[in-house]
Amino acid sequence: MKVLAIESSCDETAAAVVCDAENPEHRILSNVVKSQIEIHAKYGGVVPEIAARNHVEVIDIVIQEALDQAGETLKSVDVVAATAGPGLIGGLLVGTITAKMVAMLNKKPFMAINHLEGHLLTPRLCYDVDFPHLLLLASGGHCFFAEIFGVGKYEILGQTLDDAAGEAFDKVAKMLGLEYPGGPAIEKVALKGDESRFRYTIPMQRRAGCDVSFSGIKTASRSHISKIEILSDQDKADLAASFQRTVIEHLTNKLWRAYQMSKSKPRNFILAGGVAANQALRSAIMKICDREGINFFAPPLGLCSDNAAMIGWVAIERLKAGFPPSPLTAKTRPRWPITEITI
Ligand code: KG4
Ligand code: ZN
């Protein structure tokens, strides 16, 4: 089964061809991502209208490139999939309308895919990993812990009460005058910083459950910065390191709680979403997993951030699990919580 997939929910126009090969190394036939990061960088964040217009301009080129690299055509693929939500509505419409049109004209089944499910099944695209899993999805728009029993069988154990983890990285980076997106920028400068220089309180330590919150960490960052007249590069590095350490400690504390709350006590732990690219977070979680004898999986860096291969893979997993294709009338949904695709 070969799937042509499209992803356009935020600031990446992406198309990929993936297949259901036994060997994970042979599943991605092409994975083209055209990022708009440079266009949005000067605004310090994604501007939805500008994003939508840029998706329109390049989507056909990106699709053709994905087909060419895979040695496929619109006729030779079996299924056409697109991210139908959650995300920015303009971009989502560009991707879903294009996919529906390609599917209709070539008489192929269409699959409307949830972007979050793309992130959370990515490790199964890359590795032979069986259910159940405990997952931390940390991206620019979402942050939650989930227990994954199978395809479409997800239970949210805890989630952010305010910002997503990636959003906190982006906002603190902006306060420090670092470039967008903030996550990689903070990680880079933090390498030269002293993580114990600025004092932070780890949020919600006494609160039961595994919900997380980043607003206190953000406010503390603003307060630390406001006390320094002119921020030197060393001040920035120290603040980035102290902030990152606090976020990681908060997430790993709650991760352990999430594990204790899980019903199946899974032996597989998965870190997904754009923030999964953070090496310091990966190593901190890996340490816990080593200590507890739990397998740790995180997608390769290129598949942590938004891409279409993960969307195509969800289409394959869903079809193989017996879910039907989507009607061409399937809605495009700016809000589409994971609980609504859970059976
Ligand atoms: O999953 P993603 O590509 O897009 C969403 O669906 O949101 O995640 C993007 C987010 C951004 O907030 C970005 O700053 C963050 O992931 N991110 C990182 C790192 N790389 C990307 N956060 C921390 N450390 C990183 N190395
Ligand atoms: Zn994403």
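Where does Pro86 sit? I went looking because prolines after a cis bond are on my list, and this is a predicted model.

**Entry 1: backbone oddities**

I found Pro86 in the loop between strand E4 (79-85) and helix H3 (89-105). The peptide bond that joins Gly85 to Pro86 is cis, with omega about -15°. I then turned up a cis bond between Phe131 and Pro132, where omega is about -5°. Pro132 belongs to the loop between H4 and E6. I also noted Lys107, a residue other than glycine with a positive phi, near 55°. I placed Lys107 in the loop between H3 and strand E5 (110-114).

**Entry 2: how the chain is divided**

I pulled up the domain assignment next. Domain 1 takes in 2-121 plus 305-337, and domain 2 runs over 131-302. Their centres, taken over C-alpha atoms, are 27 Å apart.

**Entry 3: the interface**

How many residues of each domain are in contact with the other? I get 19 from domain 1 against 17 from domain 2. The two domains bury about 1,400 Å² between them, and 69% of that is on carbon and sulfur atoms. I checked who supplies the area on the domain 1 side: Leu116, His119 and Leu120 give 38% of what domain 1 buries against domain 2, more than any other three residues.

Polar terms were my next stop. I find zero salt bridges across the interface of domain 1 and domain 2. I do get one residue pair in polar contact between the two domains, with both residues at pLDDT 80 or more.

Which elements give two or more residues to the side of domain 1 that touches domain 2? I have helix H1 (37-41), helix H4 (115-126) and helix H11 (309-320). H4 gives the most, with five residues. By class, I count 10 nonpolar, five polar and four charged residues on that side of domain 1.

**Entry 4: ligand 1**

I moved on to ligand 1 and its surroundings. There are 20 residues around ligand 1, and Gly140, Asp170, Gly183, Glu187 and Gly274 come nearest. I wrote down three polar distances. An N or O atom in the side chain of His119 is 3.1 Å from an oxygen atom of ligand 1. That is the His119 I had listed among the three residues supplying 38% of domain 1's buried area. For Gly183 the partner is the backbone: one of its N or O atoms lies 3.0 Å from an oxygen of ligand 1. Asn278 puts a polar side-chain atom 3.0 Å from a nitrogen of ligand 1.

**Entry 5: charge pairs**

How many salt bridges does the rule find? My count comes to 16. Side chains of opposite charge can pair when their charged atoms come close. I opened one pair, Asp128 with Arg27, whose side chains meet at 3.8 Å, N to O. Asp128 is in the loop between H4 and strand E6 (133-138), while Arg27 is in the loop between strand E2 (12-19) and strand E3 (28-35). The pair links distant parts of the chain, 101 residues apart. I also noted that the loop between H4 and E6 is where I had put Pro132.

Methods. Residues numbered from 1 in each chain as written. Chains lettered and ligands numbered in written order. Predicted model: local features only at pLDDT ≥ 70, side-chain atom pairs only at ≥ 80, totals over all residues. Heavy atoms only, no water. Domains from an automatic or database assignment. Contact = heavy atoms within 4.5 Å. Buried area = accessible area lost by both parts, 1.4 Å probe. Salt bridge = Lys/Arg side-chain N within 4 Å of Asp/Glu carboxyl O. Polar contact = N/O pair within 3.5 Å; in protein donor to acceptor, adjacent residues only side chain to side chain. Helix = DSSP H or I, 4+ residues; strand = E, 2+ residues; numbered from the N terminus. Nonpolar A, V, L, I, M, F, W, Y, C, P; charged D, E, K, R; others polar. Near = heavy atom within 4 Å.
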